[in-house]
Amino acid sequence: MVMFEQSRRLSEPLRWGRREKAAIAALLSCVAIALAALGVHAATNSSSARADCVKIEFASTLGGGELHACGGKARQVCAGGASSGEAAQLRDACRRAGFPFGNS
């Protein structure tokens, strides 16, 4: 099948009409707004840990377990101590947070 004017169409650059330019402008605006929102979110949400928090990760029966407590709850967790394998981790985390571990 012969395609008339195919070589001419291929040799000419694309023509950007009003509709195409508006679509590209809208797309670029959405990308710019999304990047600005991401920047604001990153700047306002700090991931710095509180000084009175205790967080440990340990082996559990179903995989990995996590213990995370802050403030009064962390003080209770540290005062209760631990008798299993995570006792050393919990003792170190309590010491970093400034809470006494166990009955000491």
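Buried means under 20% relative accessible area, exposed means over 50%, and partly exposed lies in between (1.4 Å probe, protein chains only). The model is predicted: local features need pLDDT of at least 70, side-chain atom pairs count only at pLDDT 80 or more, and totals for chains, interfaces and linings use all residues. Residues are numbered from 1 along each chain as its sequence is written, and side-chain values use heavy atoms, with hydrogens and water left out.

**Exercise 1. Find the disulfides and give the handedness of each.**

Step 1. Apply the cut-off: a disulfide is a pair of cysteine sulfur atoms within 2.5 Å. The count is 2 disulfides.

Step 2. Take Cys53 and Cys70. Their S to S distance is 1.9 Å. The torsion about the S-S bond is about 100°, so this disulfide is right-handed.

Step 3. Take Cys78 and Cys94. Their sulfur atoms lie 1.9 Å apart. Here the S-S torsion is about -95°, so the disulfide is left-handed.

Step 4. Write the pattern. Counting bonded cysteines along the chain gives 1-2, 3-4.

**Exercise 2. Place the four bonded cysteines in their elements, and say whether each is buried or partly exposed.**

Step 1. Fix the elements: helices (H or I, at least four residues) and strands (E, at least two) are DSSP runs, numbered from the N terminus.

Step 2. Cys53 is in strand 1 (residues 53-60) and Cys70 is in strand 2 (residues 63-70), 17 residues apart. Cys53 is buried at 17% relative accessibility. Cys70 is partly exposed at 24%.

Step 3. Cys78 lies in helix 3 (residues 72-80) and Cys94 in helix 4 (residues 87-97), so the bond ties together parts 16 residues apart in sequence. Both Cys78 and Cys94 are buried.

**Exercise 3. Describe how strand 1 and strand 2 pair.**

Step 1. Two strands pair if DSSP finds at least two bridges between them. Strand 1 and strand 2 have 8 bridges, in the antiparallel sense.

Step 2. Check the connection. The two strands form a hairpin with 2 residues between them.

Step 3. Pick one bridge. Phe58 has Gly65 in strand 2 as its partner.

**Exercise 4. Which elements give two or more residues to the largest nonpolar core?**

Step 1. A nonpolar core is a set of buried Ala, Val, Leu, Ile, Met, Phe, Trp, Tyr and Cys residues joined through side-chain atoms within 4.5 Å. The largest has 12 residues, including Val54, Ala74, Cys78, Cys94 and Phe99.

Step 2. Sort by element. Strand 1, helix 3 and helix 4 each give two or more residues. Helix 4 gives the largest share, 4 residues.

Step 3. Probe one member. Contact means heavy atoms within 4.5 Å. Beyond its neighbours within four places in sequence, Ala74 is in contact with Asp52, Val54, Ala69 and Phe99.

**Exercise 5. Trace the salt bridges of Glu12 and Arg95.**

Step 1. A salt bridge is a side-chain nitrogen of Lys or Arg within 4 Å of a carboxyl oxygen of Asp or Glu. The whole structure has 4 salt bridges.

Step 2. Start from Glu12. Its side chain meets Arg8 at 3.0 Å and Arg15 at 3.1 Å, N to O. Glu12 is partly exposed at 30%, while Arg15 is exposed at 68%.

Step 3. Turn to Arg95. Its salt bridge with Asp92 has closest N and O atoms 3.6 Å apart. Both residues lie in helix 4, 3 residues apart, about one turn of the helix.

Step 4. Join bridges that share partners. Glu5, Arg8, Glu12 and Arg15 form one network.
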